[in-house]
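Hi,

Here is the structure I said I would pass on. Have a look at it first, and my notes on the helix packing follow underneath.

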Amino acid sequence: MFSNLIFRNSRRSRKENGLFFSSLVISIIAFYMILSISTQDVMIFLQKMESDAVNRLLSLIPVFYGMTLCILFFLIYFACKYQFERRRHEFGVYLMLGMRRSKLFGMLLAEDLLSSILALIIGLPTAVVLSKIVSLVTAKLVGMGIVGHHFSLSWVAMKWTLVGFLGIKLLALLILSGKISRQEIGTLLSQPTNRPKKQMPSVIYGLAAVCGSVMLAVAYYKAIQGIAWTNVSMMGLTLLLGSAGTVLLFYGMRALIALIVKKGKRNKQLHVFTFRQIQENVIHQSSSMAISSLLILAALCCFGAGVGIAGTNNLFASHVIDYTFEDNNVEDSAQVLPNIQAALKENGLENQFSELFEMKVGNIYTTEDYENAFNMDAVMDSLRSMPQSEDRDVLLNNLDYATEPYFICLSDYNRLLELSGKPVIELSEDEAAVYIDSDFTTVNRTAMLNSIFAKQPETELFGSPIYLTGEVQSVNLITDRSITLSFALILPDEAFLHYTQGMYDTYVNAVLSEQAMEGNSLMTTYSGLNEKLDQIGIEYESYLQNMGRQLFYTVASSYITLYLAIIFLVVANTIMGIQFLMSQQKTGRRYQTLIRLGATYETLRRSAGKQIAWFMGLPVLVAAVSSLFGVRALFTGILSSRTGGAVSEMLLVSAAIILLLCVIELVYMRVVKRSSDKYLLTLMQPQREE
């Protein structure tokens, strides 16, 4: 009999509060996926390429885990408190019928244990399947293929998921069950009501809304302009302004709602009642609405920024160079290529490459005053004549130090352009092209320089006139990004040899042959060839290292931001949904009065639906608008100059993700409306009052 009661009550609780149960399942999935990140195929691969960075990332996982446990504890405590508040009359009846308080306490623990076990039974297998799908998809994208995937079950992740989830559930239940079981029977049987709160003049609310809007605007400006990223104190001030501005904005929104009540159409059914309810909910719950909005904002920013960076960071685009070889043991740079060719041939690896060519880079050696060897006053004057902008000022500052440029051999760079499928550069004896690595420029800055170089400005290199022509070049000189030149001149071969006096660095770039790639994925080919080259002892860099570095940042941003976004989104929506349902329950007598006055079920449903749309829609709307600025601010702080030019593309991707998440918010609203409808349906039946 008692066990049947426990099973029945547990099933009813899950049915009545499906939003909370679903949130627990999602949290379990998120727990396992973040804890099992070390067993993902991509992370196992990256540990070989970027072991230090990956280890630092994995060392942060316990921090995210602990932070999430704290957040979910308060969510579980709050949600369980709502469930107990709904059942307080039931608990009072149990005690009146003779149930001991200790037995009531045990019954509540047993009911919750059943729900927790069911959530784990659903969540853990789903998490394992999803983690494997993510691993397979990521492995396929990076070129590992299905053959590179190995199924693995993270028992450590499963153990800590169980320990963390059951631990915070038990702690919350012990606290709440103890409070409920100690309450008097009369208190449990009484109907909870909302206590009236003191109203302030409308002017106060209006000023709060204006001040909140101004503080948000200042916070957005500081973040987008990069001021917030200058130091920790400035970032703290920006976050404080944003948080306080959001709280004040929601505090002042009650003035707007009061205006809608006065100006709204009075002929609609329950119009005044509906907006009075909304106004009261905002008055009582403005702080929790602001917190929920901030959590949704954090989720939208994490999703938008993470997906935007990953979606526009073309990791796996076609590349030109597969390997770069060096030989630092020879004094004559001209012997580097022959030596590399000989070493590959001796070990039977010459057929692995379809192309081997030099990339010569050097400094000026025709003068001892090399620090002032190059002068380009004409370019600087043209820049100064342009309209004032941040890009112009940055260029003026950077080019002011370009008095000692590197030199790149034209024929070598043209071969690189040919392999890239780009037009080659044609230069006369007194002309040069400018090379700036993509890390040191943006699309706008490059366009500004191209407009100047189109006029072929005259510069001076060691007393000789040199005309800059063509467009700014930025194709990577070697496979690895260890060479990032902020400013260099591409010179004709004779001029290059003259100014470097034959003292230059030679890198041998190599392109894999079709024979090497036949029947293998890119990653498999690299791994196998790397092992052979390691045995020979040739100094080399492969595209695999470069790809590994980029892949690490993409995977790290994708996994971490996705995890945080899910947690923030679940917590925020569960808080809002449960807050509204608790408030609706406390005002249940008002609905009963309307029913006695002749209000129909459909009329009450429409009224409650409007209340939910306002109560949950306001935080979502504020968060969605703020997220557009928040994502842009994140791009300002975390993007390098190399990817900074793709901000517009990233913002488009982020906007699409934010729109998708807003659709998910509508689904949450629908779930809360269904719970509200069920509660209103129970009020339609005549109830006896003890």
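**Helix packing notes**

Let's start with helix 13 against helix 14: Val379, Met380, Leu383 and Arg384 in helix 13 are in contact with Arg392, Leu395, Leu396 and Leu399 in helix 14. Sorted by class, this contact has six nonpolar, no polar and two charged residues. Bear in mind throughout that this is a predicted model.

How do the two helices sit relative to each other? Their axes come within 10 Å and cross at roughly 160 degrees. An angle over 145 degrees counts as roughly antiparallel, so that is the label for helix 13 and helix 14. The crossing of this pair is left-handed.

Now for helix 13 by itself, which spans residues 377-384. Which of its residues are buried? Val379, Met380 and Leu383 are. Looking down the axis of helix 13, you'll find these buried residues within an arc of 100 degrees, so they line one face of the helix. As general background, an α-helix has 3.6 residues a turn, so residues three or four places apart point the same way. And what do the buried residues of helix 13 pack against? Their partners are helix 14, helix 16, strand 6 (458-461) and strand 7 (464-468).

Helix 14 (residues 390-399) also packs with helix 16 (residues 443-453), at an angle of about 70 degrees and with the axes 10 Å apart. Angles of 65 to 115 degrees count as roughly perpendicular, and helix 14 and helix 16 are therefore described that way. Their crossing is right-handed. On the helix 14 side the contact is made by Asp391, Arg392, Val394, Leu395 and Leu399, and on the helix 16 side by Asn444, Arg445, Met448 and Leu449. The breakdown for this contact is five nonpolar, one polar and three charged residues.

If you compare the residue lists, Arg392, Leu395 and Leu399 of helix 14 appear in the contact with helix 13 and also in the contact with helix 16.

One more helix to look at is helix 21, residues 588-596. Its buried residues are Gly588, Tyr591, Gln592, Leu594 and Ile595. Around the axis they cover an arc of only 160 degrees, which puts them on the same side of helix 21. After helix 21 comes glycine 598, with a positive phi near 110 degrees.

That's what I have on the helices.

Cheers

Note on methods:
Residues numbered from 1 in each chain as written. Predicted model: local features only at pLDDT ≥ 70, side-chain atom pairs only at ≥ 80, totals over all residues. Heavy atoms only, no water. Axes fitted to C-alpha atoms, helices over the stretch in contact; angles between N-to-C directions. Helix = DSSP H or I, 4+ residues; strand = E, 2+ residues; numbered from the N terminus. Parallel < 35°, antiparallel > 145°, perpendicular 65-115°, else oblique. Left-handed = near helix turned anticlockwise from the far one by under 90°. Contact = heavy atoms within 4.5 Å. Nonpolar A, V, L, I, M, F, W, Y, C, P; charged D, E, K, R; others polar. Buried < 20%, exposed > 50% of the residue type's maximum accessible area, 1.4 Å probe, protein only. Arc of directions from axis to C-beta.
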